[in-house]
Amino acid sequence: MNTTPTADARAAADTAGPPAPPLDAAEDSPHGVERAARLERLLGDPCDPHNPHGYRALLDADAQRRVPEATEALLTDVRLGAEFVPRDLGGRLARPDVLARALRPVFRRDVALGFGYGITSLFGASAVWAAGDERRRADTARLLLSGGRVTILHHELAHANAILRDEFTARSAPGGGFVLGGRKDVVINADRADGFVMYARTATSAGPRSHSVLLLDPERLPPGGLRRLPRVPTHGMRGSRFAGLEFTDCPVPAGTLVGDVGDGVQLALRTFMVNRCLIPGTVVAGVDSALRFAVRAATAGRPTGQPARRHHAVLAGVFADLLACDSMAVTGLRALSLLPDSAHLVAAAVKLTMPDLLREDLEELATVLGAHGYDPGPLYGGFQKLVRDLPVAGLGHAGSAACQAVLVPRLRALARRSWFSDEEPTARLFLLSAPVPPLDYRKLSLSGGDDVLTASLVGTAERLGPLRGHGPLWAALADLADAFVQEMRALREQCAALPESAQATLADPRACTLADRYVLVLAAAACLGVWEGQDGMDSFLAQPEWVVLALTRIGRRLGARVPELPDTATGPVLDEVLLRYREGRSFDVYDTRIAG
């Protein structure tokens with residue numbers, strides 16, 4: 001496999017300025033906080049019109065449908081590819097929550113850059129980390145550590161999008177190995193990836209053993225076996241390189257196989273557990289920037305720095321939603337390390353819930369931005385770019401049907417054996433800075449049945465009961481927790497009555513509606529878990545206002561009977577939004593210093 005960066009990356013380095021200084025021991029720690037802060041400093045103030053990595057440069061590249069070469073060169077200098085390589089192979093990948101945090105400075109500025117340069121390589125390499133032998137793992141690690149890229153060529157089950165329904169085939173060759181065929185017209189980085197991870201059909205009939213995974217070096221394929229198709233323009237992520245690939249009677253050796261023949265579907269389902277949490281856990285940084293645009297627009301020209309009253313509820317509400325989404329994403333990411341047997345339920349819930357919440361938030365923020373939302377300049381232009389990019393950013397991994405296919409067949413069993421019976425998870429699941437074991441793709445399982453978040457919800461509701469007398473906010477919080485517990489009781493009754501056959505359940509029109517309600521309850525549980533995990537800390541997250549507002553908004557989306565929002569809830573949340581904006585701090589659960 002070619003282990004040198006592409007020519008594009010080498011050429012870009014000539015225009016990117018001096019290389020970034022090497023990481024010191026503290027910055028290369030497994031906690032990732034220092035790496036995120038360092039990358040934030042190097043990327044600089046995004047609103048500075050002279051910053052080669054700022055909004056002006058990124059928007060110009062997007063308008064010209066080209067990658068931002070200078071910024072990609074910077075990311076190569078800081079060895080961003082090492083974030084996707086496990087530590088035992090020489091990289092920095094240990095904890096999924098730390099990975100998401102380390103990538104947020106990139107996604108805060110440009111979601112397309114985060115995908116095009118960044119995590120797509122992990123999506124491809126994850127199958128190798130999960131099932132590759134020692135040599136393939138080492139080869140893939142060297143490729144990413146040297147600045148190369150890997151892209152993923154997936155089958156229909158994983159992407160669940162009509163635009164990508166073509167698939168590749170791998171027929172057994174008489175002398176050993178495989179003969180590849182098939183075509184896909186839309187593959188990110190197809191024209192510049194140094195490695196392909198292909199999910200190819202190796203069986204003539206459908207079933208759980210129908211596909212296999214192959215690791216391919218495009219430079220070593222025989223002449224005429226691979227044709228790279230023209231670049232495909234997209235409405236969003238316009239600077240990303242989407243193109244097609246066509247294989248025709250292309251022989252490859254048996255050594256390209258990752259795992260065993262027929263492992264493809266199981267590998268996709270296992271590795272997607274990480275992707276389903278990681279995408280929301282990074283994209284939330286882009287919506288963080290959108291909220292910043294809205295606060296800027298709402299406070300511009302107002303001497304007091306206070307937005308008009310009509311904007312208070314939107315700004316505070318979207319901030320509460322961001323904290324709720326981040327609570328769920330971080331909980332899912334930490335569950336991958338702490339609870340690999342049960343994390344598949346949380347991961348599917350994260351991916352099924354968060355895209356809709358974030359899209360609704362962008363619609364609300366558009367009412368605050370007004371005409372500024374269409375301003376193409378560096379102060380506000382990132383908003384429309386984000387609106388365009390988000391749907392494409394989820395392409396190949398965001399289909400709600402795929403997430404429902406994980407949850408729906410489990411609802412009956414969860415209702416009968418898990419809900420109101422499982423024990424609460426370890427408190428470390430919700431303690432944002434507490435250490436967790438390193439991620440091991442090989443331990444991720446699809447068979448575990450424990451629903452740790454509903455167990456946590458029930459426990460938190462019980463602990464909140466005695467606090468009702470502490471004031472209206474505490475009473476509202478206890479009532480909200482009880483409302484979600486009652487929703488779980490109703491879900492248990494309805495889900496227990498679903499058909500016993502998984503196939504019949506998937507065909508039952510009630511099941512998807514029940515799954516949609518269920519994941520909103522899990523979102524509430526994650527909020528309460530993160531809030532309770534701050535107990536005793538002098539922080540905004542330890543206060544009840546944000547979680548009361550977040551749960552009220554989730555409950556209204558659910559259609560649950562929630563108490564009236566106390567008058568004292570919105571004000572402190574809005575004050576925190578404005579304070580973080582003025583002091584240059586992120587709107588996520590980590591509350592970190594950002595550039596600009």
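**Entry 1: helices H11 and H18**

I began with the packing of helix H11 (residues 343–369) against H18, whose axes lie 9 Å apart at an angle of about 95°. Since angles of 65 to 115 degrees count as roughly perpendicular, I therefore recorded H11 and H18 as roughly perpendicular to each other. I note here that the model is predicted.

I then looked up the residues that make this contact. H11 contributes Ala-349, Leu-352 and Thr-353, and H18 contributes Asp-516, Val-519, Leu-520, Leu-522 and Ala-523. By class, the residues of the contact of H11 with H18 comprise six nonpolar, one polar and one charged.

**Entry 2: Ala-524**

I stayed with H18, which spans residues 509–533 and holds Ala-524. Is Ala-524 buried or exposed? I found a relative accessible area of 0% for Ala-524; because buried means under 20%, Ala-524 is buried.

Leaving aside residues up to four places away in sequence, I listed Phe-484, Leu-551 and Ile-554 as the residues that Ala-524 touches. I also checked Gly-471, which is 53 residues from Ala-524 along the chain. The C-alpha atoms of Ala-524 and Gly-471 are separated by 21 Å.

**Entry 3: helices H6 and H9**

I turned next to H6 and helix H9 (residues 264–299), whose axes come within 10 Å and cross at roughly 155°. Angles over 145 degrees count as roughly antiparallel, so I entered H6 and H9 as roughly antiparallel to each other. The crossing of H6 past H9 is right-handed.

From H6, the residues in the contact include Phe-115, Ile-119, Leu-122 and Phe-123. From H9, they include Leu-267, Arg-270, Thr-271 and Asn-275. I recorded the residues of the contact of H6 with H9 as twelve nonpolar, five polar and one charged.

**Entry 4: Thr-271**

I examined one residue of H9, Thr-271, in its own right. Thr-271 has 1% relative accessibility and therefore counts as buried. Which residues does Thr-271 touch, not counting residues up to four places away in sequence? I found Ser-126, Ala-127, Ala-130, Tyr-199 and Tyr-441. Ser-126, Ala-127 and Ala-130 also appear on the H6 side of the contact with H9.

I then compared positions along the chain and in space. Thr-271 and Gly-124 are 147 residues apart along the chain, and their C-alpha atoms are separated by 9.3 Å.

**Entry 5: helices H6 and H7**

I returned to H6 (residues 111–131) to look up its packing with helix H7 (residues 134–145). The axes of H6 and H7 come within 9 Å and cross at roughly 160°, and the two helices are therefore roughly antiparallel to each other. H6 passes H7 in a left-handed crossing.

On the H6 side, I noted Ser-121, Ala-125, Val-128 and Trp-129. On the H7 side, I noted Arg-136, Arg-137, Thr-140, Ala-141 and Leu-144. These residues of the contact of H6 with H7 are five nonpolar, two polar and two charged.

**Entry 6: Glu-83**

Last, I looked up Glu-83, which is found in the loop between helix H4 (69–77) and helix H5 (96–109). Glu-83 has a relative accessible area of 3% and is buried.

Where do the polar contacts of the Glu-83 side chain lead? One joins the Glu-83 side chain to the side chain of Arg-35 at 2.7 Å. Another, of 3.3 Å, joins the side chains of Glu-83 and Arg-92. Beyond residues up to four places away in sequence, Glu-83 touches Arg-35 and Arg-92, together with Leu-93, Leu-99 and Ala-102.

Definitions and conventions
Residues numbered from 1 in each chain as written. Predicted model: local features only at pLDDT ≥ 70, side-chain atom pairs only at ≥ 80, totals over all residues. Heavy atoms only, no water. Helix = DSSP H or I, 4+ residues; strand = E, 2+ residues; numbered from the N terminus. Buried < 20%, exposed > 50% of the residue type's maximum accessible area, 1.4 Å probe, protein only. Polar contact = N/O pair within 3.5 Å; in protein donor to acceptor, adjacent residues only side chain to side chain. Contact = heavy atoms within 4.5 Å. Axes fitted to C-alpha atoms, helices over the stretch in contact; angles between N-to-C directions. Parallel < 35°, antiparallel > 145°, perpendicular 65-115°, else oblique. Left-handed = near helix turned anticlockwise from the far one by under 90°. Nonpolar A, V, L, I, M, F, W, Y, C, P; charged D, E, K, R; others polar.
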